[in-house]
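Thank you for making the time this morning. I would like to walk slowly through one structure, and I will explain the terms as they come up.

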Amino acid sequence: MRRVRPTALLYGLLLGMASQAMAAAPAPVRSLEYGEALFYFFQQDYLNAGVRLMAAQQRRRLGTHDQDADLLLGGLQLAYGMHDVAARTFDRVLDAAATPAARDRAWHALARLAYRRGDWQRANQALGRISVSDPQQAAKTALLSGLVALAQQQPGRGVAVLQQGYGLQAGVRDPYLEYNLAIALIRTGKSQEAVALLDGLGQRQVEYEEAATIRDHANLAAAFALLQSGAPQEAQRFFGRVRLTGTVSNLALLGSGWAAVEAGSYAQALTPWRELMRRTPRDAPVLEALIAVPFVHLQLDENARAARVYEQAVEIYQEERNALTEAIAETDDPEWLLQVGLLTRSSLSGGGAGFEHHWLPRLIASNTFQEAWKNYRDLLQLEQSLSRWQQSLNAYQTMLTERKARFDLVVPQIEKRLAGLDPNELHERRKALQTALLDVIETRAVWRLATAAEKGIQREIEALAARVEKLSPSSEKAAFADRVRRLQGLHYWQVHAAFPQRRWQATRAVDELDAPLAQMGKRIGTLRGARAFARLRIGDLEERIHRAQTRIVQYRPRLAQTLVRQRERVKQLAQRELTAQQAQIDSYLLQARYALAQLYDRAQDRGGAQ
Amino acid sequence: MAQSPARAAETASADADLDQAVQALKEELLELNRDLFILEEELLAPSDTQVMVFVSVDVGSFFSLDSVQVKIDDKVVANYLYTPREIEALQRGGVHRIHLGNLKSGEHELTAFFVGKGPRDRDYRRGATVRFAKSLGPKYLELQIVDLENKQQPDFRIKEWE
């Protein structure tokens with residue numbers, strides 16, 4: 001059995017930890033379209049975020065957000081795996097007459113990009129261009145500089161820049177900066193100082209899972225640093241603080257066991273390691289515990305028990321080996337990627353689905369595999385979007401054809417009605433009305449403005465008068481004639497009395513014709529213009545639909561071909577990773593079998609001697 | 001199994017080549033999707049008659065949003081139930097476009113109902129109404145959920161954008 005390897009485990013922890021929150025925070029929203037792009041960006045839906053942002057940029061609807069939009073676009077291009085395109089976008093921000101704050105954010109983004117690509121020189125160059133005017137930006141810059149220094153194996157420089165950033169922080173401290181400073185201190189041999197820092201970080205009250213994970217890492221790093229410097233009992237205190245459900249709990253349990261072994265308390269090591277043995281054998285600490293437990297039994301002279309656990313370990317290793325062989329073979333199945341997709345979706349989006357295939361989390365944990373898988377998933381999403389667009393465009397084409405048919409049906413009817421409406425003729429008629437009215441007013445032709453009823457009454461009175469006229473002269477005729485005259489006088493008076501109001505009403509009615517006549521002329525003009533525009537618009541939309549359909553058809557074979565290549569790459573990476581896991585199990589299997597053989601030999605020797 | 005250096009270099013080159021191809025394709029397809037998005041909007045809601053309604057949340061300490069219903073001229077045009085992920089995106093500054101439609105020029109009335117949990121985790125349903133004039137050109141309306149610190153209550157406002 002190999003002895004404890006805290007150095008190797010510690011080295012894994014000492015690589016530095018970058019926060020997802022290092023991405024530049026967006027500026028306050030002053031454009032709805034910019035906010036809409038953010039809505040999708042924050043949900044990690046980079047396709048929809050990018051499409052909306054680029055559409056708003058094209059339509060110049062971002063107002064004062066132009067530079068923010070480029071920075072956001074660069075950020076989402078990075079997240080969408082378009083590193084080269086993102087670099088060009090950030091360069092564009094720098095080329096534009098950007099504000100100092102926008103330039104700082106662009107340089108910071110370029111530095112992060114270079115850091116992620118392992119291009120330390122370019123990362124340092126970009127970091128050197130940041131003007132660090134405000135303390136928050138300075139602390140972020142210090143954190144990234146520190147990470148680059150750690151990656152460059154220059155922990156001394158890392159300590160210097162991180163300490164500078166640490167000093168700049170006011171109020172709430174960035175746990176990532178503190179953690180990385182402690183890591184840099186450990187790597188410069190200042191473990192005591194580092195442990196003091198990690199101790200504070202490891203006891204901090206937290207509200208979010210991300211903060212709890214950093215706290216676990218801090219306790220683990222302090223524990224391994226203490227174990228490394230020969231203080232195993234002190235290390236136990238820190239191992240004990242790590243949550244049993246956290247992402248590094250397996251490492252903490254393994255370390256706790258080795259701390260007990262280092263302190264000479266072999267029996268005490270069995271508690272964390274037995275807990276590990278109960279866990280799914282999917283990562284190194286669990287696999288290692290399977291041979292660490294019998295190693296302890298051997299130290300306690302419990303050979304029979306050691307042999308039983310070694311046998312159990314061999315059985316588990318063999319099962320795992322077979323499962324991996326099966327998993328490697330499964331990668332040739334075309335359905336396999338679909339299965340991985342279903343299982344990884346919750347993992348990649350930060351969910352907590354239980355995995356039926358316990359080898360998958362380790363596969364996903366590999367950054368190269370994850371990037372390749374994400375690319376495959378993105379291409380698949382793009383293919384689905386093209387399919388949807390193709391269907392939508394067909395529907396839109398039908399809609400336009402229908403619209404055009406309806407247009408062709410309705411337009412002749414409208415044209416016919418428009419032809420019957422001659423604005424000049426209507427203006428002439430209005431003019432004639434005006435002249436007639438003036439004549440009525442000038443000649444005071446009251447009867448021309450009388451109502452039909454009044455004219456009827458007048459006719460009846462005149463008829464009555466004629467009938468009275470025909471009567472033989474008598475006192476009765478005189479009485480009738482007198483009544484008719486009074487009736488005539490009354491009616492005449494009524495019609496004349498109403499004339500001034502009727503004259504005013506008629507004048508107003510003629511004047512009121514001006515507005516609808518003018519509006520009608522305008523509407524006829526608008527209608528004729530709209531008719532011409534609608535024809536052009538339908539034609540333009542049809543042309544654009546046709547062009548879009550052609551583009552989709554042209555892209556699909558290229559997309560399909562790239563998807564096949566990417567699928568092959570994901571498969572190769574999976575096979576490589578699974579084969580490496582199998583090789584690791586083989587190594588443990590060999591150790592367990594060898595130890596078991598030695599135990600049998602010893603038992604046989606003892607039996608022979610007796 | 002370790003690869004030979006020559007084989008490893010060949011694999012790295014093929015991987016880099018594929019990475020470039022994927023990046024270029026993504027860039028071009030993003031542009032195509034953008035053009036299609038613009039085309040679709042112009043087809044479904046031409047700028048003369050276009051009306052867009054957005055939802056935004058400012059802080060959101062006094063109101064936890066579940067759903068929003070939008071009525072224009074007494075006709076329901078949108079009903080949206082938010083997921084926790086969408087709520088988080090809204091609280092971080094994202095703005096959700098809840099409705100894209102068409103309206104004739106003239107006077108209109110928009111009513112929005114906000115459903116969720118108010119102060120002390122009580123069920124909360126509130127409405128807000130605005131009368132607005134639609135002229136030629138697109139019309140944007142923003143349904144804002146804001147915190148009134150002094151009253152320790154949420155407030156619901158409708159803002160017209162030019």
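Let me begin with a term that we will need throughout: a residue is called buried when its relative accessible area is under 20%, exposed when that area is over 50%, and partly exposed in between, with a 1.4 Å probe and the protein chains only. Before using it, I should say that this is a predicted model, in which local features need pLDDT of at least 70 and side-chain atom pairs count only at pLDDT 80 or more, while totals for chains, interfaces and linings use all residues. Residues are numbered from 1 along each chain as its sequence is written, chains are lettered from A and ligands numbered from 1 in the order in which they are written, and side-chain values use heavy atoms, with hydrogens and water left out.

With that in place, take A:Ala269, which has a relative accessible area of 0% and is therefore buried. A:Ala269 belongs to helix α15 of chain A, residues 266-277, where helices are DSSP runs of H or I with at least four residues, strands are runs of E with at least two, and both are numbered from the N terminus. From A:Ala269 to A:Phe480 there are 211 residues in sequence and 140 Å in space, C-alpha to C-alpha. A:Phe480 sits in helix α23 of chain A, residues 475-512, and its relative accessibility is 36%, so A:Phe480 counts as partly exposed. Between A:Phe480 and A:Ala452 the separation is 28 residues in sequence and 26 Å from C-alpha to C-alpha.

Let me turn to helix α4 of chain A, residues 66-79, in which we find A:Gln67. How far does α4(A) reach from its first C-alpha to its last? With its 14 residues it reaches 20 Å, close to the 20 Å expected at 1.5 Å a residue, the expected span being 1.5 Å times one less than the number of residues. This helix is mostly covered, since ten of its 14 residues are buried, among them A:Asp68, A:Asp70, A:Gly74 and A:Gln77. A:Gln67, by contrast, is partly exposed because its relative accessibility is 24%. The C-alpha atoms of A:Gln67 and A:Leu421 are 55 Å apart, with these positions 354 residues apart along the chain.

The next helix to look at is α21 of chain A, residues 423-443, which has 21 residues and spans 30 Å from first to last C-alpha, close to the 30 Å expected. Its residues A:Arg430, A:Leu437 and A:Val440 are buried. Viewed down the axis of α21(A), the buried residues fall within an arc of 80°, so they line one face of the helix; the arc is that of the directions from the helix axis to the C-beta atoms. On the face turned away from this buried side are the exposed residues A:Asn424, A:Lys431, A:Thr435 and A:Glu442. At the N-terminal end, A:Asp422 acts as a cap, with a side-chain oxygen 3.1 Å from the backbone nitrogen of A:Asn424. After the helix comes A:Arg444, whose phi is positive, near 50°.

As background, most residues other than glycine have a negative phi. Two glutamines in loops of chain A also have a positive phi: A:Gln44, near 60°, and A:Gln153, about 60°. A:Gln44 lies in the loop between α2 (32-41) and α3 (46-58), and A:Gln153 in the loop between α8 (135-151) and α9 (155-168). A:Gln44 is partly exposed, with a relative accessible area of 45%, and A:Gln153 counts as partly exposed at 46%.

Moving to chain B, B:Lys26 lies in helix α1 of that chain and is buried, with a relative accessible area of 0%. B:Lys26 and B:Ile38 are twelve residues apart in sequence and 18 Å apart in space, C-alpha to C-alpha.

Definitions and conventions
Polar contact = N/O pair within 3.5 Å; in protein donor to acceptor, adjacent residues only side chain to side chain.
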